[in-house]
Amino acid sequence: MAEIEIPPEIAKLSFEGALQELEKIVQTLEAGQGKLDDAIQSYERGAALKRHCERKLAEAQQRVEKIVLAADGEVRAEPADID
């Protein structure tokens, strides 16, 4: 499955920043006010924000798993590869 490109302005957001913006979009869409074109654009941005948050969570999970579980099954701390 091809990886979907996340717009650069979203990719540079922190997890918390992206989640906060996504929550605002959801509230706006749930209110049902505004024009259809605006709602569609908000939905598309919300989908990109969701993908970004999912990737950030997956990256964090991989770092934690690397730190807590060594190759031999023993629990020990190893430095995380943080870019």
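A residue counts as buried here when its relative accessible area is under 20%, and as exposed when that area is over 50%. The model on display is predicted, and the tour below moves from the whole chain to its individual helices and contacts.

**The whole chain**

Begin with the complete protein in a cartoon representation. Three helices and zero strands make up its secondary structure, so that the order along the sequence reads α-α-α. Next, switch on the molecular surface. The protein exposes about 6,700 Å², of which carbon and sulfur atoms supply 55%. Colouring by accessibility shows that 13% of the 83 residues count as buried. A contact map adds a further view: of the contacts between residues at least 6 apart in sequence, 60% join residues at least 24 apart.

**Helix H2**

Select residues 15–31, which form helix H2. The end C-alpha atoms of H2 lie 24 Å apart, in agreement with the 24 Å that its 17 residues should span at 1.5 Å a residue. Which residues of H2 are buried? Display Ala18, Leu22 and Ile25, for these are the buried residues of the helix. Now look down the axis of H2: the buried residues fall within an arc of 60°, and therefore they line one face of the helix.

Rotate the view to the face of H2 turned away from that buried side. Here the exposed residues are Glu16, Lys24, Gln27 and Glu30. Then move just past the end of H2 and select glycine 32, whose phi is positive, at about 70°.

**Serine 42, facing H2**

Go on to serine 42, which is located in helix H3. With a relative accessible area of 24%, serine 42 is partly exposed. Show its surroundings, setting aside residues up to four places away in sequence: serine 42 touches Ile25 and Leu29. A distance label drawn between the C-alpha atoms of serine 42 and isoleucine 25 should read 6.3 Å, although the two are 17 residues apart in sequence. Isoleucine 25 is one of the buried residues of H2 already displayed.

**The salt bridges**

Side chains of opposite charge can pair when their charged atoms come close. The structure holds three salt bridges. Select Glu9, Glu21 and Arg45 together, as these residues are linked in a network of salt bridges.

Consider the two pairs in turn. Arginine 45 forms a salt bridge with glutamate 9, and the closest N and O atoms are 3.5 Å apart. Arginine 45 lies in helix H3 (residues 36–68) and glutamate 9 in helix H1 (residues 8–11), so this pair ties together parts that are 36 residues apart in sequence. Glutamate 21 meets arginine 45 in a salt bridge as well, at 2.4 Å from N to O. That pair links distant parts of the chain, with glutamate 21 in H2 and arginine 45 in H3, 24 residues apart.

Are the members of this network buried, exposed or partly exposed? Arginine 45 counts as partly exposed at 27% relative accessibility. Glutamate 9 is partly exposed at 39%, and glutamate 21 is partly exposed at 23%.

For the remaining pair, select lysine 50 and glutamate 54, whose side chains meet in a salt bridge of 2.7 Å from N to O. These residues are four apart in helix H3, so about one helical turn separates them. Lysine 50 is partly exposed, its relative accessible area being 45%, and glutamate 54 is partly exposed at 41%.

**Histidine 52**

Finish at histidine 52, which has its place in helix H3. Is histidine 52 buried or exposed? Its relative accessible area is 5%, so histidine 52 is buried. Display side chains and backbone atoms together to find its polar partner: the side chain of histidine 52 reaches the backbone oxygen of leucine 13 at 2.8 Å.

Then expand the selection to the contacts of histidine 52, leaving aside neighbours within four places in sequence. The residues in contact are Ile6, Ile10, Ala11, Leu13, Ser14 and Ala18. Ala18 belongs to the buried residues of H2, which returns the tour to the helix examined earlier.

Note on methods:
Residues are numbered from 1 along each chain as its sequence is written. This is a predicted model: local features need pLDDT of at least 70, side-chain atom pairs count only at pLDDT 80 or more; totals for chains, interfaces and linings use all residues. Side-chain values use heavy atoms; hydrogens and water are left out. Helices (H or I, at least four residues) and strands (E, at least two) are DSSP runs, numbered from the N terminus. Buried means under 20% relative accessible area, exposed over 50%, partly exposed in between (1.4 Å probe, protein chains only). Contact means heavy atoms within 4.5 Å. Accessible areas come from the Shrake-Rupley method with a 1.4 Å probe; for residues, only the protein chains shown count as cover. A salt bridge is a side-chain nitrogen of Lys or Arg within 4 Å of a carboxyl oxygen of Asp or Glu. A polar contact is a pair of N or O atoms within 3.5 Å; within protein, one must be able to donate a hydrogen and the other to accept it, and residues adjacent in sequence count only if both atoms are side-chain atoms. The expected span of a helix is 1.5 Å times one less than its number of residues. The arc is that of the directions from the helix axis to the C-beta atoms.
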